[in-house]
Amino acid sequence: MTQGNGGQDRDGAAGREIAVEMIGVNKWYGQFHVLRDINLTIRRGERIVICGPSGGGKSTLIRCINRLEEWQQGRVIVGGVELTADLRRIDEVRRDTGMVFQHFNLFPHLTVMQNCTLAPIWVRKMPKREAEEIARHYLARVQIPEQADKYPNQLSGGQQQRVAIARALCMSPRIMLFDEPTSALDPEMVKEVLDTMIGLAEDGMTMVVVSHEMGFARQVADRMILMDAGQIVEASPPADFFERPQHERTKQFLAQILR
Amino acid sequence: MASAPARSSHISAGAIAPRPRPPEPGRLAAALSRLFAGPLNTALTLASAMVLAALIWPTLRFLVLDAVWDGASRVDCLEETVGRPVGACWPFIAARFDQFMYGFYPELQRWRVNAVYGLGLLLLAPLLIPAVPFKRLNALAFFVAFPAFAYVMLVGGRLGLPYVETRVWGGMLITLVITYVGIVASLPLAVLLALGRRSDLPIISAMAIAFIEFWRGVPLVTVLFFATYMLPFFLPADWSIDALARVLIGVTLFSAAYLAEVIRGGLQAIPRGQLEGAAALGLGYWKTMGLVVLPQALKHVIPGLVNSFIALFKDTTLVLIVSMFDLLGQIRSAFADPNWATPVTVLTGFAFAGAIYFAVSFAMSRYALFMERRLNTDIRL
């Protein structure tokens, strides 16, 4: 099994268009080697869940996909566009790549509606009316249409994260990145966010999710990836990953997390 | 304790219906009970009351009770004439009021100044009231069209308006012109400097730092002096810039350096996540700054900005050292008038100046407080 691309996916995405390709990516923070020889191909419609011990490079990897992080070696190609230092290309990729953060990163000075329409209006040059219509559609979809005129800080954590998902969807992204979307939430709010994500997955969205929600992973993932010490240690369909982990690190990690 | 059975006395039998909050003592009662709680507090309260009385009573006597309200010359404000101790000599202010407002702006042309004031107020008032619509148009009018209008009106020399050189401008007119230009021109410059100082590009940030540190390191008096007396030596002989324009440029650059540092403080308070959230949506640098970062950063620094605006407003009095007569300068120059030389003239003049400076500064401060509260979207649950 080749590192990174191993594992068959559930519904044979193998033949589909490539959404993200990472080739030999290496990254250092100072002298610290955070990403080591990352090779990963993600196809359209694929759902990938990345887990692993903290400090293993999961977040750094997912943040390379929209170049919130720079890397020193290797190539990252998203939707056929290679990410380089060229700012126009970076913005081009970011427009089509939704991201949901651990701490939501909503804009506190704007209402929920304004959060959702900001980028469509200013980046996609969409007329305000149309942007609001789309925003209302996605807010309804994440089950909070009635909060449109509130400010983010008036909402619960779970509601804020759903707004963040709606905000990303308003740009009609071709791929969604989730960086530990439920780790900052109170336990009783995790489910509402995961349900929203499951709904997205069922609609065929290409998703890369850094998460330790193993129930969610089992339910939606086409491929599980375990990262440790900056490497992709194991990559396999959830059935294999959970029942027949190949690598010692995976067994250890699962033993700890599934206690 | 886990093994111990829960004590039933800690558990309510059924649902507890909400009860009204118990009444609290009124504000006056609460204040009184605190002001006179114990001997120390009582003593402090009484001492403070005495200090206040010692300050307020003489002030009231000087400004109102003992003041002279009518008169035509110094004689009417003399103790010998009035036959009692004399407070403020208000006829002095009334006689010189026009000069305090317009300086030596030709009397027949003062309607032009009034027109500028009027239009300024007409544009400013709706801008300050959040409920009034057309904010963008209004702002454009106040910050772009109004200065052009004011320039043509005040300077003249076209559209049939006689030319009025800035040398004869004075009083409140000079004060307001310098304050308006100082604030309106320096704020955008300050935003650029603050962004520049935090730029990733070393040349940009070095230039911003050099600019800010230079202008902050020099006293305003020096700036004004240099702009007025030294600059002409460095410019080609046939190059002449109006003296007031030179002062305005000096004040603007000086004020921009200070404001830039205030704004930089606000920029630093914006979490990285905001930048990442904006970046992930595909917003470029200017849109991220203009739509996400600056609205939040400027809101954080309203107190600091207003502090600087008030300081600038009062610092306009320094133009006296380059022989320009702002409100305070004009009032002080009137002290020399033998027609109004009385023992209370100086006090009256300063009281008047103080009242005007205080009124404007206090208004700015209160409005800023109002905006701060209005813009606070953090806690509204």
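The following is a short exchange about the salt bridges, a surface patch and a pocket of a predicted model.

Modeller: In this predicted model, local features need pLDDT of at least 70 and side-chain atom pairs count only at pLDDT 80 or more, while totals for chains, interfaces and linings use all residues. Residues are numbered from 1 along each chain as its sequence is written, chains are lettered from A and ligands numbered from 1 in the order in which they are written, and side-chain values use heavy atoms, with hydrogens and water left out.

Biologist: What makes the contact of B:Glu276 and A:Arg63 a salt bridge?

Modeller: A salt bridge is a side-chain nitrogen of Lys or Arg within 4 Å of a carboxyl oxygen of Asp or Glu. For B:Glu276 and A:Arg63 the N to O distance is 2.6 Å, so the pair counts as a salt bridge. The pair crosses between chains, from helix 11 of chain B to helix 1 (residues 58–64) of chain A. A helix here is a DSSP run of H or I with at least four residues, numbered from the N terminus. A:Arg63 and B:Glu276 also belong to a salt-bridge network with A:Lys27, A:Glu69 and B:Arg272.

Biologist: Why is B:Arg197 called buried or exposed?

Modeller: Buried means under 20% relative accessible area, exposed over 50%, and partly exposed in between (1.4 Å probe, protein chains only). B:Arg197 has 18%, so this residue is buried. B:Arg197 forms a salt bridge with B:Glu213, the closest N and O atoms being 3.3 Å apart. The two residues lie in helix 7 and helix 8 of chain B, so the pair ties together parts 16 residues apart in sequence.

Biologist: Why is B:Glu213 given another label?

Modeller: Its relative accessibility is 36%, so B:Glu213 counts as partly exposed.

Biologist: How do you know how far B:Leu65 is exposed?

Modeller: The relative accessible area of B:Leu65 is 46%, so this residue is partly exposed. B:Leu65 sits in helix 2 (residues 38–65) of chain B. B:Leu65 is one of the residues of a nonpolar surface patch of about 930 Å², which also includes B:Trp57 and B:Trp69.

Biologist: What makes up the lining of the second largest pocket?

Modeller: The lining residues divide into 21 nonpolar, four polar and ten charged. Ala, Val, Leu, Ile, Met, Phe, Trp, Tyr, Cys and Pro count as nonpolar, Asp, Glu, Lys and Arg as charged, and the others, Gly among them, as polar.

Key:
Patch = residues over 30% accessible without salt bridge, like charges linked within 9 Å, V, L, I, M, F, W, Y side chains within 5 Å. Areas by Shrake-Rupley, 256 points an atom, 1.4 Å probe, with all protein chains shown as cover.
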